[in-house]
Amino acid sequence: MNKSLSRRAALGLAILVAAVPLAATMRSAVAQDVPLAIKGYDPVAYFTDGRPERGLPEIEYEWDEHRYRFSRPEHLELFKADPVRYAPQFANFCAMSLAQSEIVEADPEYWLISDGKLYIFGKSIGPELFQKNLTENLARANQNRQLVPQR
C-alpha cells in the first residue's frame, strides 16, 4: 500500500511539474494574441514624468483589447484606476494622420498632452501640426475614428 501511494504521489508530482511550464507557455501565447499598446511604452509616464518611457513586460495590464506595459507598479495602479485618462486617444495610431483620413501607426516618441488627453504621432512634426489648428484637427480625427482598425 505504501509503495502504491508513493507511486501515485510521484506520478502526481511529475504531472504537476510538467504542467507548470505548459501553463506559462499557454499564458504567454494568450498574451501574444492581444496586441501590445503603444509599442510597449508606459502611457502613465507621459503624465507623471513628462516623457515617453518604455514599460516592462513583467508589469503588464490588458485593457480595451490591448496589453499596456508600465515602467513602475505605481503607474500600473494609476492606469487601472482610470484607464480612459491615460490611454492614447486613438490607440496605436497617429492623431494627425487620422485628422487627414489616413491610418498611420504612431511612434510613441512623438506625443502631445492637450486638455489632459494623450495623443501620439507618426512623425516628429505631428504634435506641432496638430496643435496649429487643434480644434479642427481634433474634430476631424474624432470624425475619422471609425477608420481605426478593430480587432
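In the predicted model, the second largest pocket encloses about 150 Å³ of space. Its lining consists of Cys94, Met96, Ser97, Gln100, Val104, Gly122, Lys123, Ile125, Gly126 and Leu129. Two helices, α5 (95–99) and α6 (126–132), each supply at least two residues of this lining. By class, the lining of the second largest pocket comprises five nonpolar residues, four polar residues and one charged residue.

The largest pocket has a volume of about 440 Å³. It is lined by 18 residues, of which Asp64, His66, Ala91, Val148 and Gln150 are the closest to the pocket centre. Ten residues of the lining of the largest pocket are nonpolar, while four are polar and four are charged. Two of the residues closest to the centre also belong to the region of the β1–β2 hairpin: Asp64 has a positive phi near 50° in that hairpin, and His66 is among the buried residues of β2.

The chain as a whole contains seven helices and four strands. These elements follow one another along the sequence in the pattern α-α-β-β-α-α-α-β-β-α-α. Of the 151 residues in the chain, 35% are buried.

The strands β1 (residues 56–63) and β2 pair in the antiparallel sense, with five bridges between them. One of the bridge pairs joins Leu56 to Phe70 in β2. The two strands form a hairpin with two residues between them. Strand β2 is mostly covered, and five of its five residues are buried. This cover extends to both faces of the strand, with His66, Tyr68 and Phe70 buried on one side and Arg67 and Arg69 buried on the other.

A second antiparallel pairing involves β3 and β4, again over five bridges. Here Trp111 has Ile120 in β4 as its bridge partner. β4 is likewise mostly covered, with four of its five residues buried. The strands β3 and β4 form a hairpin in which two residues lie between them. Asp115 is located in the loop between β3 (107–114) and β4 (117–121), and despite not being a glycine it adopts a positive phi of about 50°. Asp115 counts as exposed because its relative accessibility is 74%.

A further positive phi, of about 55°, occurs at Lys39, which is not a glycine either. Most residues other than glycine have a negative phi. Lys39 is located in the loop between α1 (2–33) and α2 (43–48). With a relative accessibility of 39%, Lys39 counts as partly exposed.

Aromatic contacts were searched across the whole structure, and ten aromatic pairs were found. In the pair formed by Tyr68 and Phe79, the ring centres are 4.7 Å apart and the planes meet at 35°, so the arrangement is tilted. Because Tyr68 belongs to strand β2 (residues 66–70) and Phe79 to helix α3 (residues 73–81), this pair ties together parts that are eleven residues apart in sequence. Both Tyr68 and Phe79 are buried. Tyr68 and Phe79 also belong to one aromatic cluster, together with Tyr61, Trp63 and Phe70. Within this cluster, Phe70 is the residue that serves as bridge partner of Leu56.

Phe79 can also be related to helix α2, in which Val44 lies. The C-alpha atoms of Val44 and Phe79 are 6.7 Å apart in space, although the two residues are 35 residues apart in sequence. Val44 is buried, with a relative accessible area of 0%. Elsewhere in the model, the ring of Phe47 has the charged end of Arg85 over it, at 5.6 Å from the ring centre.

Key: Residues numbered from 1 in each chain as written. Predicted model: local features only at pLDDT ≥ 70, side-chain atom pairs only at ≥ 80, totals over all residues. Heavy atoms only, no water. 1 Å grid on protein atoms, 1.4 Å probe; cavity = no way out; pocket = protein on both sides within 12 Å on 5 of 7 lines; lining within 4 Å. Points joined across faces, edges and corners; volume = space filled by probe spheres on them. Nonpolar A, V, L, I, M, F, W, Y, C, P; charged D, E, K, R; others polar. Buried < 20%, exposed > 50% of the residue type's maximum accessible area, 1.4 Å probe, protein only. Phe/Tyr/Trp six-rings, centres within 6.5 Å; stacked < 30°, edge-to-face > 60°. Lys NZ or Arg CZ within 6 Å of the ring centre and 35° of its normal. Pairing = 2+ DSSP bridges.
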